[in-house]
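The exercises below are meant to be worked with the sequence and the coordinates open side by side. Each task is followed by a solution that proceeds in steps.

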Amino acid sequence: MPHDLPDHPHAHLPPDPALRVKALETILTAKGLVDPAALEEIIDTYQNRIGPQNGARVVARAWRDPAFKAALLADADPVLAELGYYGRQGEHMVVVENTPQRHNMIVCTLCSCYPWPLLGIPPGWYKSDAYRARAVREPRKVLAEFGVTLPPETAVRVWDSTAEVRYLVLPMRPKGTEGLDEAALAALVSRDSMIGTALPAAPGQAQP
């Protein structure tokens, strides 16, 4: 097979994934196929400007500001746009709130529609056939596998994202966080808690 030939380009790449990426970047740059400055801009965008930290800031502000929370739940798009969280893969957002009576969980059963401006790149498991099928069929079992066990009286609502609408879970604020500022609250909010497959961390506890 071609991939087994010793002179195939893949045979010269190092085994470590990070080194492989760097080697490919070097090869593509040398061939003039990649602009290093443009590549650095893309990496910076997804590491520092697009990612779960954006969604976490939104959640933290909603926990601290009742008026902001009410506006977010009523019509998320203008609220998020004002914060700069909009654009491709971030259109038509709906925010759903977890309560003691209802736990929300997000899936995309057809593909992997996902709010990139708020949560960054979707995790591999979110795109998997197993999650997409089982989240709808047996959500409590899926949640248990993620380490989330809910009281029997808490209903589970599964929301199916599409190209027309994407969802963000507003988790319940952990107890004992009354004195925390917005930055400290945001640090408790994980990507998975905004998908509904985790709960926010308690004060002093690392994110799951």
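**Exercise 1.** Leaving aside its neighbours within four places in sequence, which residues is Arg134 in contact with?

Solution. Bear in mind from the start that this is a predicted model. Begin by placing Arg134, which is found in helix H8. Then set aside the neighbours within four places in sequence, and the contacts that remain are Pro139, Lys141, Val142 and Glu145. Among these, Glu145 deserves a further look, since its side chain makes a polar contact with the side chain of Arg134 at 2.8 Å.

**Exercise 2.** Classify the pairing of Arg134 with Glu145, and place it in its wider setting.

Solution. First, the two side chains meet in a salt bridge, with an N to O distance of 2.8 Å. Second, because Glu145 belongs to helix H9 (residues 139-145) while Arg134 belongs to helix H8, this pair ties together parts that lie 11 residues apart in sequence. Third, Glu145 counts as exposed, its relative accessibility being 57%. Finally, the pair is part of a network of salt bridges that links Arg134, Glu138, Lys141 and Glu145.

**Exercise 3.** Find the salt-bridge partner of Asp129, and decide whether each of the two residues is buried or exposed.

Solution. The partner is Arg132, and the closest N and O atoms are 3.3 Å apart. Both residues are in helix H8 (residues 129-137), where a spacing of 3 residues separates them by about one helical turn. Asp129 has a relative accessibility of 59% and is therefore exposed, the cut-off being over 50%. Arg132, in contrast, has a relative accessibility of 17% and is therefore buried, the cut-off being under 20%.

**Exercise 4.** Repeat the analysis for Arg191 and Asp192, and state how many salt bridges a search of the whole structure finds.

Solution. Arg191 and Asp192 form a salt bridge whose closest N and O atoms are 2.9 Å apart. At 26% relative accessibility, Arg191 is partly exposed, whereas Asp192, with a relative accessible area of 16%, is buried. The search of the whole structure finds 6 salt bridges.

**Exercise 5.** Which residues touch the most other members of the largest nonpolar core, and which helix gives the most to this core?

Solution. The largest nonpolar core has 43 residues, and those touching the most other members are Leu72, Leu80, Ile106, Leu118 and Tyr131. Helix H3 (residues 52-64) gives the most to this core, contributing 6 residues. To see the surroundings of one such residue, take Leu118 and disregard residues up to four places away in sequence: Leu118 then touches Gly51, Pro52, Asn54, Gly55, Val58, Leu80, Tyr85, Met93 and Leu168. As background, nonpolar side chains in soluble globular proteins tend to be buried together.

**Exercise 6.** Which residues make the nonpolar surface patch of about 350 Å²?

Solution. The patch is made by Leu24, Ile27, Leu28 and Leu33. Taking Leu28 as the example, locate it in helix H1 (residues 17-30), and then note that Leu28 is partly exposed, with a relative accessible area of 33%.

**Exercise 7.** Describe the protein as a whole in terms of secondary structure, burial, contacts and surface.

Solution. The secondary structure comprises 11 helices and 4 strands. Of the 208 residues, 37% count as buried. Turning to contacts between residues at least 6 apart in sequence, 64% join residues at least 24 apart. The exposed area is about 11800 Å², of which carbon and sulfur atoms supply 59%.

Terms used:
Residues numbered from 1 in each chain as written. Predicted model: local features only at pLDDT ≥ 70, side-chain atom pairs only at ≥ 80, totals over all residues. Heavy atoms only, no water. Helix = DSSP H or I, 4+ residues; strand = E, 2+ residues; numbered from the N terminus. Buried < 20%, exposed > 50% of the residue type's maximum accessible area, 1.4 Å probe, protein only. Contact = heavy atoms within 4.5 Å. Areas by Shrake-Rupley, 256 points an atom, 1.4 Å probe, with all protein chains shown as cover. Salt bridge = Lys/Arg side-chain N within 4 Å of Asp/Glu carboxyl O. Polar contact = N/O pair within 3.5 Å; in protein donor to acceptor, adjacent residues only side chain to side chain. Patch = residues over 30% accessible without salt bridge, like charges linked within 9 Å, V, L, I, M, F, W, Y side chains within 5 Å. Core = buried A, V, L, I, M, F, W, Y, C linked by side-chain atoms within 4.5 Å.
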